Amino acid sequence: MLETLKPIKTTPTGIYFRMADGRIGYANHQYARVSVTREGIRNGEYYKEDNEIGDRLYQINKKVNYPHHEIPSINMIGRVRYNDISEAINALQNFNNKNCGEYAVELRKNKILKQYEEHKALNIRSVLTRQDIEDEGGKIRCYISYKRGHDDGKENGYNDGFRDGVASIEDKLNKLLNNL
């Protein structure tokens, strides 16, 4: 199904659009950008919010490899630039049709819920298993990690592998200082 872009703001350099799934799309004469999604798990429940102008954007222009100008054996990655704003708007429309429809949103929701259940079952601390606290204005202000981060009864709050690595580095530094 073809989803339509809704223009929401025009600037001297480009146009902002509302995508079908609530994200912001931006097109100018060289690039097309789309905001990251605002969806996930909050306090054990799936949530999805619309984006606003000013949210973080990422480019959707095609990536290309090209050789480094001084070292030809090294490849660089660049983005294809559009020749005018109509090409950028066309790219946004194609992205909107492919990634922002109801079916795509449902796939992302199912994937997030599946990952949440896996993390919860395996007791993994992650963004999905955090608890959010709202202030008086309803804004999310604080994220409490599942089981409060690294506080699991270990010395200095570190897990075994990290503590062993720190001890190894401390030993090497002490040997180095003793040899001076």
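**An open antiparallel sheet and its aromatic pair**

In this predicted model, five strands come together in an open sheet, arranged in the order S1-S2-S3-S4-S7 with antiparallel pairing. Strand S1 (6-10) and strand S7 (57-59) occupy the edges; each has a single partner strand, so one side of each is left without a neighbour in the sheet. From one strand to the next, the twist averages 30 degrees. For orientation, strands of a sheet pair through backbone hydrogen bonds, in either a parallel or an antiparallel manner.

A useful place to look more closely is the pairing of strand S3 (residues 24-28) with strand S4 (residues 32-35), which is antiparallel and extends over three bridges. Here Tyr-26 is found opposite Arg-33 in S4. Helix H1 (residues 85-99) lies across strand S2 (14-18), S3, S4 and S7, and runs at about 155 degrees to S3.

Tyr-26 also takes part in an aromatic contact. A pair of aromatic rings is described by the distance of the centres and the angle of the planes. Searching the whole structure turns up one aromatic pair. This pair is formed by Tyr-16 and Tyr-26 and is tilted, with 4.7 Å centre to centre and 45 degrees between the planes. The two residues are ten residues apart, with Tyr-16 in strand S2 and Tyr-26 in strand S3, and the pair thereby links distant parts of the chain.

Turning to accessibility, Tyr-16 has a relative accessible area of 17%, and because buried means under 20%, Tyr-16 is buried. Tyr-26, at 8% relative accessibility, counts as buried too.

Methods:
Residues numbered from 1 in each chain as written. Predicted model: local features only at pLDDT ≥ 70, side-chain atom pairs only at ≥ 80, totals over all residues. Heavy atoms only, no water. Pairing = 2+ DSSP bridges. Helix = DSSP H or I, 4+ residues; strand = E, 2+ residues; numbered from the N terminus. Axes fitted to C-alpha atoms, helices over the stretch in contact; angles between N-to-C directions. Contact = heavy atoms within 4.5 Å. Phe/Tyr/Trp six-rings, centres within 6.5 Å; stacked < 30°, edge-to-face > 60°. Buried < 20%, exposed > 50% of the residue type's maximum accessible area, 1.4 Å probe, protein only.
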